[in-house]
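Work through the exercises below with the model open. Each task is followed by its solution, step by step.

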Amino acid sequence: MVVMQITGMLQSFYSFAPHWNTVCWALRPREQIQKAAQEYLDSVTTPHTSILIFSLCLQVLQATQVEITKETKIVTIHLRRGDYAVKQDMHGLLTMEYYQKSLQLIKSRITREQGEAFDDIVVVVLTEQENVDWCKKNMNWGPQDGVKATICANAKGKRCNGEEVDMFALSLGDFLVVANSTFSWWSHFLKFCAKKLKGWLVVESSLTNRAPLANGVSVFPHRWYSSRINRSRQKLFDFIVGDVLVPDTVHIFEKSPK
């Protein structure tokens, strides 16, 4: 058996488009990873129970009982800040406008499919531990926003779940809001694999057994890189960002990351 190690910013579907299903099977998380990820999300989305609070690993923005049914739609969001705050000349920070527009787009899609206004939505935001307070202050969506509850969870998995578990957990929502991050990109790809390939998911849970959503896409930012990239590099990055978008996605038009 030949083992090949490839390094770099690997976030172009078109690098392997003719062989996407082979890549899916090669990257399918091991059964214990799938189980750990589904148990992690199940712990905050268990039918007819209160949301649980895990010390250091999970904080709840609304300390209220949340009943999850087979009709509840789960939106997973990857909030990437941390080192991006000091990488202003490359990635930059996505704005709250992007996340607000993404949630509105998702709600409109659900309403269109349901045929009426729908507010049985639970938002799970995965972010670094140091951003939990920022998340609590800025992403406090609730009933006034047509959302049942918002949960803020630590996604820097070395201490809690392991980064592989976090990446797969992000992919398990009905909808995924992607950050301008390679980590997010591959979460979407795992979601794409699970949707397209029968038998790819090997562990059943209350999440995978819920009512399927035909239009459960991932939302991408239209611009992947910071507006501060100098002009000589901007043309290259404008080309690259078109390569970032992959099947089963929509993208939000808004100003470039700051």
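A residue counts as buried when its relative accessible area is under 20%. The model is predicted, and every value here is computed from it.

**Exercise 1. Classify Cys-152 as buried or exposed, then do likewise for Cys-135.**

Solution.
- Step 1: Cys-152 has 0% relative accessibility, so it counts as buried.
- Step 2: Cys-135 is also at 0% relative accessibility and therefore counts as buried.
- Step 3: Widen the view to the whole chain. Buried residues make up 51% of its 258 residues.
- Step 4: Look at the outside. The chain exposes about 12,800 Å², and carbon and sulfur atoms supply 54% of that area.

**Exercise 2. Lay out the fold: how many helices and strands are there, and in what order do they run?**

Solution.
- Step 1: Count the elements. There are seven helices and seven strands.
- Step 2: Read from the N terminus. The order is α-α-β-β-α-β-α-β-α-β-α-β-α-β.
- Step 3: Check the contacts with a separation of 6 or more. Residues 24 or more positions apart account for 80% of them.

**Exercise 3. Find the disulfide and say which parts of the chain the pair ties together.**

Solution.
- Step 1: Apply the cut-off. Cysteine sulfur atoms must lie within 2.5 Å. One disulfide results.
- Step 2: Name the partners. The sulfur atoms of Cys-24 and Cys-193 are 2.0 Å apart.
- Step 3: Place them. Cys-24 is in helix 1 and Cys-193 in helix 6, so the pair ties together parts 169 residues apart in sequence.
- Step 4: Assign the hand. The torsion about the S-S bond of Cys-24 and Cys-193 is about -80°, so this disulfide is left-handed.
- Step 5: Check burial. Cys-24 has a relative accessible area of 0% and is buried. Cys-193 is buried as well, at 0% relative accessibility.

**Exercise 4. Describe the largest nonpolar core: which residues touch the most other members, and which elements give two or more residues?**

Solution.
- Step 1: Start with the general trend. In soluble globular proteins, nonpolar side chains tend to be buried together.
- Step 2: Pick out the hubs. Among the 33 residues of this core, Phe-16, Val-124, Trp-185, Phe-189 and Trp-200 touch the most other members.
- Step 3: List the contributing elements. Two or more residues come from each of helix 1 (20-27), helix 2 (31-42), strand 3 (121-127), strand 4 (149-154), helix 5 (163-170) and helix 6 (182-196).
- Step 4: Find the largest share. Helix 6 supplies it, with six residues.
- Step 5: Look for another core. One of 26 residues lies apart, and its members include Leu-79, Phe-118, Cys-152 and Val-219.
- Step 6: Return to Trp-200. Leaving out residues up to four places away in sequence, its contacts include both disulfide partners, Cys-24 and Cys-193.

**Exercise 5. Work out the geometry of the Phe-16 and Phe-189 rings.**

Solution.
- Step 1: Count the aromatic pairs. The structure holds twelve.
- Step 2: Take the angle. Planes over 60 degrees apart count as edge-to-face. The Phe-16 and Phe-189 planes are at 85°, with ring centres 5.4 Å apart, so this pair is edge-to-face.
- Step 3: Locate the rings. Phe-16 is in the segment before helix 1 and Phe-189 in helix 6, 173 residues apart.
- Step 4: Check burial. Phe-16 counts as buried at 14% relative accessibility, and Phe-189 is buried at 2%.
- Step 5: Place both in their cluster. Phe-13, Phe-16, Trp-20, Trp-185, Trp-186, Phe-189 and Phe-192 form one aromatic cluster.

Technical notes:
Residues numbered from 1 in each chain as written. Predicted model: local features only at pLDDT ≥ 70, side-chain atom pairs only at ≥ 80, totals over all residues. Heavy atoms only, no water. Helix = DSSP H or I, 4+ residues; strand = E, 2+ residues; numbered from the N terminus. Buried < 20%, exposed > 50% of the residue type's maximum accessible area, 1.4 Å probe, protein only. Contact = heavy atoms within 4.5 Å. Areas by Shrake-Rupley, 256 points an atom, 1.4 Å probe, with all protein chains shown as cover. Core = buried A, V, L, I, M, F, W, Y, C linked by side-chain atoms within 4.5 Å. Phe/Tyr/Trp six-rings, centres within 6.5 Å; stacked < 30°, edge-to-face > 60°.
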